[in-house]
Amino acid sequence: MSGISMEMVNEARTRCAAFRRKEDASMVEVLQGLSGLGDGNFVAQLAGMFHYPVLDMAQLGELQPDFGTVGFQESARRGCIIAHDKEENRLLVFCDPFDTELRAWAQEMLDGQAAWRLAHRKDLLAYFAQQERDIRAVD
């Protein structure tokens, strides 16, 4: 398939509503399945639709998480992380641009003081796993 279209987004919404009754399927997961795109191409196209810069796993690994603002558990539950890059820019990294609850919470929590970056869900989950290992190693 060539990419993500608005028709695919609408189809994903319909399927996601049906799937949610049976299982926990996110809009992004359903849309990626419909698109037939690999992870990197999918997140790049999704980010382009919403005009967000993308972070890949290597770029995520360079970030310094800010668990003082939002703790590890809440970050993992919400599917986002607040972090700082090498230039000390505050970033909100997330994986679901369709999550309106996250958007409202983050805008209120951060008072617009963070740049938003999109990452693939698998990369963000891997980042959380690494952070959890690091936290446990310190404890």
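These legends describe three close-up views of a predicted model.

**View 1. The open sheet of four strands.**
The strands lie in the order E1-E2-E3-E4, and their pairing is mixed. Strand E1 (64-65) and strand E4 (115-118) are the edge strands, each pairing on one side only. Strand E1 runs antiparallel to strand E2 (residues 80-84), and two bridges link this pair. In one of these pairings, Gln64 has His84 of E2 as its bridge partner.

**View 2. Arg78 in helix H5 and its surroundings.**
Helix H5 covers residues 72-78 and includes Arg78. The relative accessible area of Arg78 is 22%, which makes Arg78 partly exposed. The side chain of Arg78 forms a polar contact of 2.9 Å with the side chain of Glu74. Leaving aside residues up to four places away in sequence, Arg78 touches Asp99, Leu102 and Trp105. Trp105 is 27 residues from Arg78 along the chain, and their C-alpha atoms are 9.6 Å apart.

**View 3. Cys80 and Cys95, two cysteines without a disulfide.**
The structure holds zero disulfides. A disulfide is a covalent bond between the sulfur atoms of two cysteines. For Cys80, the closest cysteine sulfur is that of Cys95, at 8.7 Å; this is too far for a bond, because a disulfide requires the sulfur atoms to be within 2.5 Å. Cys95 likewise is in no disulfide, and the cysteine sulfur nearest to that of Cys95 belongs to Cys80. Cys80 is buried, with a relative accessible area of 1%. Cys95 also counts as buried, at 14% relative accessibility.

Definitions and conventions. Residues are numbered from 1 along each chain as its sequence is written. This is a predicted model: local features need pLDDT of at least 70, side-chain atom pairs count only at pLDDT 80 or more; totals for chains, interfaces and linings use all residues. Side-chain values use heavy atoms; hydrogens and water are left out. Two strands pair if DSSP finds at least two bridges between them. Buried means under 20% relative accessible area, exposed over 50%, partly exposed in between (1.4 Å probe, protein chains only). Contact means heavy atoms within 4.5 Å. A polar contact is a pair of N or O atoms within 3.5 Å; within protein, one must be able to donate a hydrogen and the other to accept it, and residues adjacent in sequence count only if both atoms are side-chain atoms.
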